[in-house]
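Let's take a walk through this model together, starting where protein meets DNA and then moving on to the pockets. Keep the structure open as you read.

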Amino acid sequence: MPELPEVETVRRQLEPVLVGRSIAAVRVLDPLLVAPVNPARLRRALVGHAVVGLGRRGKYLQVLLDSGDTLVMHLRMTGRLHHTAPGGRAPADRHRRARFTFDDGSTLDFSDTRRFGRAWMLPDDGHANAAYWSARLGPEPLDPAFTAEVLADALRGRSAPIKATLLDQRRVAGIGNIYADEALFQARVHPLRPAGDLDEHEVAALRDAIVDRLHVGIDQGGASIDRYRDTLGRPGSMQDMLRVHRHEGDPCPVCGTPIVKSRVAQRGTYHCPECQPVD
DNA sequence: ATTTTCCCCTGCCGGC
DNA sequence: TGCCGGCAGGGGAAAA
């Protein structure tokens, strides 16, 4: 499931091949992808416009256009973006939901098995749209401004489990189920601890663990434990670096205690009962 | 306001 | 072999 490192991997791959390209055609094969907007309306907003940049906020991918509008895409669970160079042949894919064709003949396919992914236009707002994003998303964890103090502010006074709080995009942007489990393990914090109960030392450790695990995720090209692939169809390797997530019963890499699976915030959650005590 | 629950989707997997 | 219930999960809406 694409989280911040997976979306950032896609963003970095698309930037050099899309910037400067003009959109020649847009085909929406599954209207649900752009619902409730009419596909024709999306097409009109895109065709003839050039890509001037690729951005990312949390797990949201932003395609910045010369019109000032932004095409926003969210891959949700099983979304993929596949880029095909000019003259190349896009692989057959029965889950393809849309195809964007550029002026050089290259294409970008949005594929999505479970159809949770979405694409929509963010109207001209000087590309900033600060209010739009700040209403939905907390701080960017890889921004230098994401200090332990910033995380402490996000957690202060909250009684919800720390795992649920990390998954709440309004607290911190971009963390999903995989990286939440991995960061909590590295910080030695039990997923059920009330977020506001973490002491200063734990918050600092958690901040460092979040930043570290996300960076490693990007370095590894993302985690392909489910359907994630990069824009060339290649899997990442972060799944091989996971220490607790989806490792139920396996020995903890630190102490050897079997990893326990539980359910927190409606999500499968993995932790080491020895390294991450409830207190 | 915060927190929890439900729901959308489809593919996969275990059980019978 | 084949059917079927259950599970997986990001995030938005609705409920608590």
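Which atom of DNA strand C lies 3.1 Å from a polar side-chain atom of Arg76? Zoom in on that side chain and you'll find that the partner is a base nitrogen. Bear in mind as we go that this is a predicted model.

Two other side chains go for the phosphates instead. His74 has a side-chain N or O atom sitting 2.6 Å from a phosphate oxygen of DNA strand C. Gln169 also pairs up with a phosphate oxygen of DNA strand C, with a polar side-chain atom 3.3 Å away. As for secondary structure, strand 9 (260–264) and strand 10 (267–271) are the elements that put two or more residues into the surface near DNA strand C.

Now zoom out to that whole surface. There are 15 residues around DNA strand C, and the ones that come nearest are His74, Met77, Phe116, Lys261 and Arg267. So His74 turns up both in this nearest group and in the phosphate contact just described. By class, the surface splits into seven charged residues, four polar and four nonpolar. On the DNA side, take the atoms of strand C within 4 Å of the protein: 62% of them are sugar or phosphate atoms, and the rest belong to bases.

Next, the pockets. The largest pocket holds about 570 Å³ of space, and 22 residues line it. Nearest its centre are Lys59, Met77, Gly176, Asn177 and Arg267. You've met two of those names already: Met77 and Arg267 are also among the residues that come nearest to DNA strand C. The elements giving two or more residues to this lining are strand 9 and strand 10, the pair we saw at the DNA surface. Strand 10 makes the largest contribution, with three residues. What's the make-up of the lining by class? Count nine charged residues, seven nonpolar and six polar.

The second largest pocket has a volume of about 210 Å³. It is lined by 14 residues, and those closest to its centre are Val37, Arg41, Leu42, Trp120 and Met121. Here, helix 2 (39–46) and strand 8 (118–122) each bring at least two residues to the lining, with strand 8 giving the largest share, four residues. The class breakdown reads eleven nonpolar and three charged residues, with no polar ones.

Conventions
Residues numbered from 1 in each chain as written. Chains lettered and ligands numbered in written order. Predicted model: local features only at pLDDT ≥ 70, side-chain atom pairs only at ≥ 80, totals over all residues. Heavy atoms only, no water. Near = heavy atom within 4 Å. Polar contact = N/O pair within 3.5 Å; in protein donor to acceptor, adjacent residues only side chain to side chain. Nonpolar A, V, L, I, M, F, W, Y, C, P; charged D, E, K, R; others polar. 1 Å grid on protein atoms, 1.4 Å probe; cavity = no way out; pocket = protein on both sides within 12 Å on 5 of 7 lines; lining within 4 Å. Points joined across faces, edges and corners; volume = space filled by probe spheres on them.
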